[in-house]
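Here's a set of exercises to work through with the model open in your viewer. Try each task before you read its solution.

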Amino acid sequence: QVQLVESGGGLVQAGGSLRLSCAASGSMLGVIAMAWYRQAPGKQRELVARITTGGTTNLADSVKGRFTISRDNAKNTVYLQMNSLKPEDTGIYYCNAVRTPWPNTNYDYWGQGTQVTVST
């Protein structure tokens, strides 16, 4: 199985920046993508950013131009650089990995989450 540990959350003023890290360990065979999700208080969890094995990235419309997802394969770590933070970015951010050992069979792995709070 895959273990994911997030770090880097905290309190920041609107307009500030944070960088989240997700360190992965365990078997990475069959992992096709890693992603960041977030969940604001009382709201539905949403996809923020995704990066595939091939390096293709996708960002939610709400964070385009402000957030960047990247990876360091040597360290088995995925990052989320968050700039120009807004209060609506506040929430718990979760790292996610999807493993597909065979077609149409997906296994999801999740980190414990890290809190991001953007003050007004």
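Two strands pair if DSSP finds at least two bridges between them. Strands (E, at least two residues) are DSSP runs, numbered from the N terminus. You're looking at a predicted model, so local features need pLDDT of at least 70 and side-chain atom pairs count only at pLDDT 80 or more, while totals for chains, interfaces and linings use all residues. Residues are numbered from 1 along each chain as its sequence is written, and side-chain values use heavy atoms, with hydrogens and water left out.

**Exercise 1. The open sheet**

Work out the strand order of the open sheet of four strands, then look at how E1 is paired.

Step 1: The order is E1-E3-E8-E7, and the pairing is antiparallel.

Step 2: Find the edges. Strand E1 (2–7) and strand E7 (67–72) each pair on one side only.

Step 3: Check the twist. Neighbouring strands here are turned by 20° against each other on average, direction ignored; axes are lines fitted to C-alpha atoms, for helices over the stretch in contact, and angles run from 0 to 180 degrees between N-to-C directions.

Step 4: Zoom in on E1 and strand E3 (residues 18–26). They run antiparallel and are joined by six bridges. Leu4 has Ala24 in E3 as its bridge partner, and Val5 stands opposite Ala23.

Step 5: Now read the side chains along E1. Val2, Leu4 and Glu6 point to one face and are buried, whereas Gln3, Val5 and Ser7 point to the other and are not. Buried means under 20% relative accessible area, exposed over 50%, and partly exposed in between (1.4 Å probe, protein chains only).

**Exercise 2. The disulfide**

Find the cysteines that are joined by a disulfide, and give its handedness.

Step 1: Search the whole structure for cysteine sulfur atoms within 2.5 Å, the cut-off for a disulfide. You get one hit.

Step 2: Cys22 is joined to Cys95, S to S 2.0 Å. The torsion about the S-S bond is about -85°, so this disulfide is left-handed.

Step 3: Place the two ends. Cys22 sits in strand E3 and Cys95 in strand E9 (residues 91–102), 73 residues apart, so to speak of distant parts of the chain being linked is fair.Step 4: Check burial. Cys22 has a relative accessible area of 0%, which makes it buried, and Cys95 also counts as buried at 0%.

**Exercise 3. The core**

Which residues of the largest nonpolar core touch the most other members?

Step 1: Build the core as a set of buried Ala, Val, Leu, Ile, Met, Phe, Trp, Tyr and Cys residues joined through side-chain atoms within 4.5 Å. The largest one has 27 residues.

Step 2: Rank by contacts. Leu4, Met34, Trp36, Leu80, Met82 and Tyr93 touch the most other members.

Step 3: Ask where the members come from. At least two residues each are supplied by E1, E3, strand E4 (31–39), strand E5 (46–52), E7, strand E8 (77–82), E9 and strand E11 (114–119). E3 gives the largest share, four residues.

Step 4: For background, nonpolar side chains tend to be buried together in soluble globular proteins.

**Exercise 4. Rings and a charge**

Classify the aromatic pair of Trp102 and Tyr107, then find the rings under Arg45.

Step 1: Rings of Phe, Tyr and Trp (its six-membered ring) pair if their centres lie within 6.5 Å; planes under 30 degrees apart count as stacked, over 60 as edge-to-face and the rest as tilted. The structure holds two such pairs.

Step 2: Trp102 and Tyr107 are 6.5 Å apart, centre to centre, with 90° between the planes, and the pair is edge-to-face.

Step 3: Add accessibility. Trp102 is partly exposed at 47%, and Tyr107 is partly exposed at 35%.

Step 4: Turn to the charge, which sits over a ring if NZ of Lys or CZ of Arg is within 6 Å of the ring centre and within 35 degrees of the ring normal. The charged end of Arg45 is over the ring of Tyr37, 5.7 Å from its centre. Arg45 also lies over the face of Trp110, at 4.0 Å from the ring centre.

**Exercise 5. Positive phi**

Where do Asn76 and Ser84 lie, and what is the phi of each?

Step 1: Recall the background: most residues other than glycine have a negative phi.

Step 2: Asn76 lies in the loop between E7 and E8. Its phi is near 50°, a positive value in a residue other than glycine, and Asn76 is partly exposed at 39%.

Step 3: Ser84 lies in the loop between E8 and E9. Although Ser84 is not a glycine, its phi is positive, about 50°, and with a relative accessible area of 40% Ser84 is partly exposed.
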